[in-house]
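Subject: Structure for you to look at

Hello,

Here is the structure I said I would pass on. Please open it first, then read the notes below it.

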Amino acid sequence: MKYKYSIVGVGKMGSALLNGILKDKSDDKSEILLTVHGDKQKKEYTDLGFNATTDLKEGLSDASFIILSLKPQVVKSLEIFDEIDFTGKCVISVAAGLTVDYLSGRFKNAEIVRCMPNTPALIGEGVTTICAKNKASKNYEIAKKILSSVGKVYEIDERLMDATVPLNGSMPAYALYFANGFIDYAVKSGVDEKTAKHLVLESIISSAKLALSSDDDVSVLINNVCSKGGTTIAGLDRLISGKVAESIYDCASACAERSEELSK
Ligand SMILES: NC(=O)c1ccc[n+]([C@@H]2O[C@H](COP(=O)([O-])OP(=O)(O)OC[C@H]3O[C@@H](n4cnc5c(N)ncnc54)[C@H](OP(=O)(O)O)[C@@H]3O)[C@@H](O)[C@H]2O)c1
């Protein structure tokens, strides 16, 4: 095999995983092939010393590990898979909703590892769920190592893959949506944007760290801030009367349902 890794689709996730692979000093650029969408992106990467191609067939044929980081709709629309025998190859897919069975049907004879990372992988702080049929294989270990190079990895049953998408894959959007609401309020109240961003986001990080280091339930930690007649409860009561908990449940359900739909 000409290359160890082929990253197919070098957008947000593909480039995060590329950075992760390069962090491991045992892998160098010459072992990686990047399959990109256009000549402009190809030139950008070749100028940086990478092997890059716009030929999907080459990208799928010439490497032991295919890191599939295309949008699920794009994967479904591609005809080329049926022409190639993937015996001996491992496909590491980050495509939302595409199941191990679906991918096995497209990548004939390949070993499939299905993952769901999130965008903090871009800064090495990703939280990834991972599953496969054969968890005892060497390829599965290598896939875990690649994902671990961009953050934490949690092995889960594939049947929970859709249900967990809102918890990690989509969580940056939900957590930051919540943060953004407070930043908007702060700016309208006269706090400068930079200060607002730091106060809100650092408080979210430190609250999460406190919760992770505590044996108490998250609900107990919420109550710890809510003294009777105090400021926090005055605001929390608005979230409760606005049925925000119900909206969050709906949000998570809709996200998981969409992941399920994409697998069909
Ligand atoms: N972003 C997230 O938060 C997140 C989290 C977990 C999982 N994922 C999964 O990661 C996958 C990629 O998502 P992303 O956010 O990285 O998307 P993205 O930034 O749009 O990256 C996809 C890349 O694939 C390229 N591409 C499209 N068709 C191609 C083809 N035929 N050959 C080669 N390259 C092609 C796109 O190029 P053009 O832009 O030129 O079309 C783009 O650079 C998706 O399946 C998604 O479900 C994403």
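Which residue in strand 3 does Thr 35 stand opposite? The partner of Thr 35 is Thr 53. Before the rest, two remarks on how to read these notes. The model is predicted, local features need pLDDT of at least 70, side-chain atom pairs count only at pLDDT 80 or more, and totals for chains, interfaces and linings use all residues. Residues are numbered from 1 along each chain as its sequence is written.

Overall picture

The protein chain has twelve helices and eight strands. Helices (H or I, at least four residues) and strands (E, at least two) are DSSP runs, numbered from the N terminus. Along the principal axes, the C-alpha atoms fill a box of roughly 70 × 40 × 35 Å. Of the 264 residues, 31% count as buried. A residue is buried if 20 or more other C-beta atoms lie within 10 Å of its own, exposed if 12 or fewer, and partly exposed in between, with C-beta atoms placed from the backbone.

Two domains

The domain assignment gives domain 1 (3–161) and domain 2 (171–262); such bounds come from an automatic or database assignment. Their C-alpha centres are 33 Å apart. Seven residues of domain 1 are in contact with five residues of domain 2, where contact is defined as C-beta atoms, placed from the backbone, within 7 Å. On the side of domain 1 that touches domain 2, four residues are nonpolar, three are polar and none is charged. Here Ala, Val, Leu, Ile, Met, Phe, Trp, Tyr, Cys and Pro count as nonpolar, Asp, Glu, Lys and Arg as charged, and the others, Gly among them, as polar.

Strands 1 to 3

Strand 1 (residues 3–8) and strand 2 pair in the parallel sense over four bridges; pairing requires that DSSP finds at least two bridges between two strands. One of these links has Tyr 5 with Ile 32 of strand 2 as its bridge partner. Strand 2 is also joined to strand 3 (residues 51–53) by three bridges, and these two run parallel. In a regular strand the side chains alternate between the two faces of the sheet. From strand 2 (residues 32–35), Ile 32 and Leu 34 point one way, Leu 33 and Thr 35 point the other way, and all are buried.

Around the ligand

The shell around the ligand has 25 residues, of which Gly 9, Gly 11, His 37, Ala 95 and Ala 96 come nearest. A residue is near a molecule if its C-beta atom, placed from the backbone, lies within 6 Å of it. The shell divides into 13 nonpolar, ten polar and two charged residues. Helix 1 (12–23) and helix 4 (72–77) each supply at least two of them, and helix 1 gives the largest share, three residues.

Helix 9 and two loop residues

Helix 9 (residues 193–213) has 21 residues and should span 30 Å at 1.5 Å a residue, which agrees with the 30 Å between its end C-alpha atoms. The expected span is 1.5 Å times one less than the number of residues. Helix 9 is hardly covered, with two buried residues.

Most residues other than glycine have a negative phi. Asn 109 has a positive phi of about 75° and is found in the loop between helix 5 (100–106) and strand 6 (111–116). Lys 243 has a positive phi of about 55°, in the loop between helix 11 (231–241) and helix 12 (244–262).

Regards

Conventions: Two residues are in contact if their C-beta atoms, placed from the backbone, lie within 7 Å.
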